[in-house]
Structures are given as C-alpha cells and as structure tokens.
Amino acid sequence: MKDDLGSGRLDITLPASLHAERQGAVAILRLKRPHKRNALDDETIIGIETFFTALPDGIGAVLLVGEGEHFSAGLDLSELEERDIKQGIAHSRLWHRAFDTIQFGKVPVVAVLHGAVVGGGLELAAAAHVRVAERSAYYALPEGSRGIYVGGGGSVRLPRLIGVARMMDMMLTGRTYSAEEGQAMGLTTYLVDSGKGFAKGLELAARIAGNAPLTNFAVMHALPRIAEMDPASGYAVEALMSSIAQADGEAKARLKDFLEKRAPKVTRGPT
C-alpha cells in the first residue's frame with residue numbers, strides 16, 4: 001500500500017465485493033461482484049457503510065463505480081429471506097443507514113453508471129451527489145413484478161429526481177429508461193460515450209475535491225434541507241450557512257486570491 005497522501009489502496013477493511021483505492025484527494029470505491037452484475041448483498045451494504053464512515057482525512061471526494069458490464073442490478077435476490085415485519089424493517093433500515101453515509105456523509109460522491117442500474121442499484125446511485133451515465137446505462141425498478149417494494153430509500157430520493165408519476169410508472173409497468181432518457185429527465189447530469197465514464201467521473205471528483213471543504217459540506221448537508229423548507233425558513237438557514245462559509249479561513253484566502261487576480265475567472269468550458 002502506498003502512502004495515503006498519494007495514490008494506492010486505502011487502508012479500510014472491506015469485503016471482497018468492494019475495493020477501495022486513492023488517487024490524490026479522490027477515493028475510488030468499486031463494486032466488485034461482476035459475476036452477479038454487482039448485485040448488493042448485506043455484506044456489501046455493510047461494507048459501503050464502513051467505507052464512507054472510515055474515510056481518512058485528506059479525501060475531498062469519492063468516485064463510485066461498478067466493475068464489469070454493469071453498475072449494479074440491485075438487491076441480490078438469492079439472499080432474499082422470508083422475514084417477518086420486524087426483520088424486514090431492520091433490513092431496510094440497514095440500507096437506509098448505509099446510503100445516508102453517502103448522501104449526508106463526509107465528502108461529495110460522484111457515481112459512474114453503466115449497464116444495469118436497476119432496483120437497489122438505482123437507489124444506490126440516487127444517494128450520490130453527481131451522476132455520470134455512459135450510453136450503455138439503463139434504469140428500472142422491477143420490484144412490482146417481484147412482489148416486493150423499494151427498501152433502500154428509493155421512495156424518498158427518486159421522486160425528488162424524476163417525480164412521483166414517473167417512479168410509479170416504472171414500478172407498476174416495469175418500464176425501462178435508457179441512458180438518454182435518464183439524462184433528459186434529470187436522473188443524471190452528465191452523459192458520455194461507453195468506456196469514458198470513469199475518466200469523466202474522476203475529472204469531476206478531482207474538481208470537487210479542490211473546493212473549500214466547508215462549501216462542499218454546505219452543498220451536501222444544507223442545500224437539500226433548505227430546498228424542503230418554507231421560503232422564510234430557507235432564507236434564514238441560507239443566511240447562516242453563507243456567513244459561516246465566508247468566515248472560514250480558507251474562503252478568505254481564496255477570495256483574496258481572486259481579488260488579486262491569482263485565481264482563474266469563470267469562463268465557458270467543456271461540459
């Protein structure tokens with residue numbers, strides 16, 4: 001293992017279904033069950049929670065990718081047990097807890113999507129902050145035909161991205177959306193050719209990692225909550241968050257660099 005200040009494997013104990021490494025300030029988490037289309041079993045979900053909880057200092061962003069031909073085909077149905085209601089709630093809460101460490105964790109997360117992004121795999125992707133899709137990606141929620149219901153936070157996160165009606169249609173009819181359709185309806189914000197997702201995701205993650213940490217924290221934790229507040233409450237929280245961010249020492253240094261023309265101006269660039 002190389003020094004944690006450079007690149008190499010991250011010293012976090014994970015199951016064989018996950019692999020963690022580092023490139024500079026970006027941590028890369030790979031789903032490593034290609035023979036199962038990266039289906040998510042309980043061991044993997046617990047490993048995801050462990051990874052995002054144990055991120056070391058110096059990491060500014062995470063890149064989440066899947067090995068093989070698919071991002072994730074969702075819940076590993078071979079592990080689906082007959083559970084009573086209490087056990088079912090506990091299992092769903094395991095997923096909620098793990099995915100909360102992504103959405104409301106330490107640093108922003110960029111997910112690169114390709115192949116199947118289905119069921120629990122789509123719920124996992126929805127917990128990320130930026131989503132890059134390759135043209136091979138496709139999205140589905142087949143729970144209706146399986147006699148089950150989303151349990152990894154999909155009811156909360158997905159309607160905020162694509163709307164209740166569209167999610168209903170996906171679950172009731174088994175409709176599958178293409179990468180282009182997912183981009184058009186706001187499920188993803190970047191669409192690239194197949195094979196180019198990792199490079200684009202790493203580029204974005206590195207850019208995010210270069211932001212002021214307190215600003216990234218505000219975007220991750222304050223912005224989604226402000227968006228759900230009534231306007232008056234939202235303005236109040238925004239004013240507080242803005243004053244906290246600009247009072248940070250790093251923010252002051254960055255603003256000084258800009259005013260003294262040592263920082264680049266915003267220009268139109270590639271998307």
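Visitor: What share of the contacts in the protein between residues at least 6 apart in sequence join residues at least 24 apart?
Guide: That comes to 68%. Keep in mind that we're looking at a predicted model. For the count, a contact is a pair with heavy atoms within 4.5 Å.

Visitor: And how do you know whether the radius of gyration agrees with a compact globule?
Guide: Set one value against the other: a compact globule with 271 residues would come out near 18 Å, and the protein has 19 Å, so the two agree. If you'd like a box around it, the C-alpha atoms fill roughly 60 × 50 × 40 Å along the principal axes.

Visitor: What is the secondary structure made of?
Guide: You get 11 helices and 10 strands. As for burial, 45% of the 271 residues are buried.

Visitor: Why is Arg 22 called buried?
Guide: The cut-off for buried is under 20% relative accessible area. Arg 22 has 5%, so buried is the word. You'll find Arg 22 in strand β2, residues 18–23.

Visitor: What lies 3.1 Å from a polar atom of the Arg 22 side chain?
Guide: The backbone oxygen of Gly 58 does. Polar contacts are allowed within 3.5 Å, so this pair, at 3.1 Å, makes the cut.

Visitor: Over to the loop between β3 and α1. What makes Asn 38 buried or exposed?
Guide: Its relative accessibility is 1%. Buried means under 20%, so Asn 38 counts as buried.

Visitor: And why is Arg 37 called partly exposed?
Guide: Arg 37 sits in that loop too, between β3 (26–31) and α1 (42–53). Partly exposed covers the range between the 20% and 50% cut-offs; Arg 37 has 37%, so it belongs there.

Visitor: What makes phi worth a look in Arg 37 and Asn 38?
Guide: Most residues other than glycine have a negative phi, so a positive one stands out. Arg 37 has a phi near 55°, and Asn 38 has about 55° without being a glycine.

Visitor: Which residues make the nonpolar surface patch?
Guide: Leu 77, Leu 80 and Ile 148 make it, with an area of about 220 Å². For the whole protein, the accessible surface comes to about 14,100 Å², and 57% of that belongs to carbon and sulfur atoms.

Visitor: How do you know that Leu 77 is open enough for a patch?
Guide: A patch residue needs over 30% relative accessible area. Leu 77 has 42%, so it passes, and that value also makes it partly exposed. Leu 77 lies in the loop between β4 (61–66) and α2 (85–103).

Key:
Residues numbered from 1 in each chain as written. Predicted model: local features only at pLDDT ≥ 70, side-chain atom pairs only at ≥ 80, totals over all residues. Heavy atoms only, no water. Patch = residues over 30% accessible without salt bridge, like charges linked within 9 Å, V, L, I, M, F, W, Y side chains within 5 Å. Areas by Shrake-Rupley, 256 points an atom, 1.4 Å probe, with all protein chains shown as cover. Salt bridge = Lys/Arg side-chain N within 4 Å of Asp/Glu carboxyl O. Helix = DSSP H or I, 4+ residues; strand = E, 2+ residues; numbered from the N terminus. Buried < 20%, exposed > 50% of the residue type's maximum accessible area, 1.4 Å probe, protein only. Polar contact = N/O pair within 3.5 Å; in protein donor to acceptor, adjacent residues only side chain to side chain. Rg over C-alpha atoms; globule rule 2.2 N^0.38 Å.
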